[in-house]
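Hi,

Here is the structure I promised to pass on. My notes on it follow below, and I hope they help you find your way around.

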Protein chains: 2
Amino acid sequence: MKIPNQNPSICSCVNLRRASRAITRIYDKALEPVDLKITQYSVLANVARSGPLSSSNLARILRLDRTTLVRNLKSLEAAGFIEEHPEVTDPRERAIRITEAGRQMVEKARPLWVQAQQQVEDHLGSAALQQLTTLVTSLETLSDHIA
Amino acid sequence: MKIPNQNPSICSCVNLRRASRAITRIYDKALEPVDLKITQYSVLANVARSGPLSSSNLARILRLDRTTLVRNLKSLEAAGFIEEHPEVTDPRERAIRITEAGRQMVEKARPLWVQAQQQVEDHLGSAALQQLTTLVTSLETLSDHIA
DNA sequence: ATGATATACGTGCATATACACGCATAGTTC
DNA sequence: GAACTATGCGTGTATATGCACGTATATCAT
């Protein structure tokens with residue numbers, strides 16, 4: 001017996017996680033031609049834009065757990081898209097920089113990302129996307145408040 | 001140099017993933033006393049409600065990749081909250097059932113889940129939660145359409 | 001009955017996520 | 001300058017996520 005797909009849950013968390021998985025599929029699919037996932041593109045584009053910076057600072061920018069970021073950086077470094085060097089001003093820090101190959105990859109991936117962005121905006125409408133930014137901020141505020 | 005926390009991204013996917021991580025922190029925190037994560041509670045509560053069913057059907061209900069679900073079930077089975085038995089009508093299927101210990105766990109966890117639900121609703125407002133259900137449906141539709 | 005197709009299931013692999021530790025160095029206070 | 005505190009970093013462990021495969025059984029078409 002085969003059960004059909006299901007409606008949204010009554011649990012906000014479950015719904016948000018479902019939405020997250022769904023949109024990730026959309027973006028990952030769009031980035032498939034350059035063999036990048038949206039998580040990797042996101043990190044790479046941020047390193048490209050925010051210049052050399054430490055993993056702690058990058059984690060704060062991405063609102064991602066630092067130790068999670070450390071592992072995510074591994075694959076990007078293995079692929080030769082970023083490199084790390086000891087920071088002179090503070091020996092504890094390691095400065096993360098994008099490489100030339102990394103910069104080229106970002107350039108190649110950007111149009112695919114734009115396409116996914118457009119696809120989602122066309123389907124959801126810009127109002128929904130605006131509400132989404134509010135949602136993020138509210139939830140992060142609540143989460144920070146609790147922790 | 002320490003960089004402060006960041007505003008929402010211009011990328012809808014990144015924002016949704018951020019929101020997902022934030023709300024997961026909130027629910028996981030609420031469920032901490034019973035040592036369950038929201039992902040596990042979600043699966044367990046669904047098994048409890050939807051009675052014995054196959055992993056494929058449960059995956060469709062949860063809109064979760066079947067192979068992902070299979071691993072998630074492992075820890076619940078190891079904890080003794082669910083059990084699997086071969087299905088008589090179709091030897092390929094395995095019927096997943098909640099155990100007595102599982103049922104007790106759901107009972108114990110439910111008030112904590114309700115508390116998280118309430119907390120989020122108080123902070124975001126019911127209108128935002130309603131928009132969220134629309135968002136889930138739209139994104140899953142778009143994702144299905146593309147795939 | 002046979003062959004094609006659909007469905008069910010599990011595992012290997014890669015990545016994502018985050019908590020709990022421990023170690024090293026910077027900064028602050030006395 | 002010594003003690004305390006804050007910050008930066010990486011790893012161990014556990015879970016979450018999904019794609020690519022291979023295997024087994026059901027179902028359907030002829």
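Of the atoms of DNA strand D that lie within 4 Å of the protein, 59% are part of sugar or phosphate, while the rest belong to bases. This is a predicted model, in which local features need pLDDT of at least 70, side-chain atom pairs count only at pLDDT 80 or more, and totals for chains, interfaces and linings use all residues. Residues are numbered from 1 along each chain as its sequence is written, chains are lettered from A and ligands numbered from 1 in the order in which they are written, and side-chain values use heavy atoms, with hydrogens and water left out.

To stay with strand D: there are 28 residues around it, and A:Arg17, A:Arg71, A:Arg92, B:Thr39 and B:Pro91 come nearest. A residue is near a strand here if one of its heavy atoms lies within 4 Å of it. For polar contacts (pairs of N or O atoms within 3.5 Å; within protein, one must be able to donate a hydrogen and the other to accept it, and residues adjacent in sequence count only if both atoms are side-chain atoms), have a look at chain A. An N or O atom in the side chain of A:Ser56 is 2.6 Å from a phosphate oxygen of DNA strand D, and for the side chain of A:Ser55 the distance to a phosphate oxygen is 3.1 Å. A:Arg92 reaches a base instead, with a polar side-chain atom 2.6 Å from a base oxygen of strand D. Two or more residues of the surface near DNA strand D come from each of α1, α3 (55-62) and α4 of chain A and α2 (38-50) and α4 of chain B. Of these, α4(A) gives the most, with five residues. Helices (H or I, at least four residues) and strands (E, at least two) are DSSP runs, numbered from the N terminus. By class, this surface has three nonpolar, nine polar and 16 charged residues; Ala, Val, Leu, Ile, Met, Phe, Trp, Tyr, Cys and Pro count as nonpolar, Asp, Glu, Lys and Arg as charged, and the others, Gly among them, as polar.

Now for the other DNA strand. Around DNA strand C there are 28 residues, of which A:Thr39, B:Arg17, B:Ser56, B:Arg71 and B:Arg92 come nearest. Sugar and phosphate make up 57% of the atoms of strand C within 4 Å of the protein. B:Arg21 has a polar side-chain atom 3.2 Å from a phosphate oxygen of strand C, and a backbone N or O atom of A:Asp65 lies 3.5 Å from a phosphate oxygen of that strand. A base nitrogen of strand C is 3.3 Å from a polar side-chain atom of A:Thr68. With five residues, α4(B) gives the most to the surface near strand C, which divides into three nonpolar, nine polar and 16 charged residues.

How are the two protein chains related? A rotation of 180° with 0.0 Å of shift along its axis superposes chain A on chain B, with an RMSD of 0.0 Å, which is the relation of a two-fold axis. The fit is by least squares on the C-alpha atoms of residues with pLDDT of at least 70 in both copies. In chain A, A:Ser20 comes closest to the rotation axis, its C-alpha at 3.2 Å. The copies meet through the same surface, because 100% of the interface residues of chain A are also interface residues in chain B (contact means heavy atoms within 4.5 Å).

Finally, chain A by itself: it has six helices and two strands, in the order α-α-α-α-β-β-α-α along the sequence. Its C-alpha atoms fill a box of roughly 60 × 40 × 35 Å, taken along the principal axes.

Best wishes
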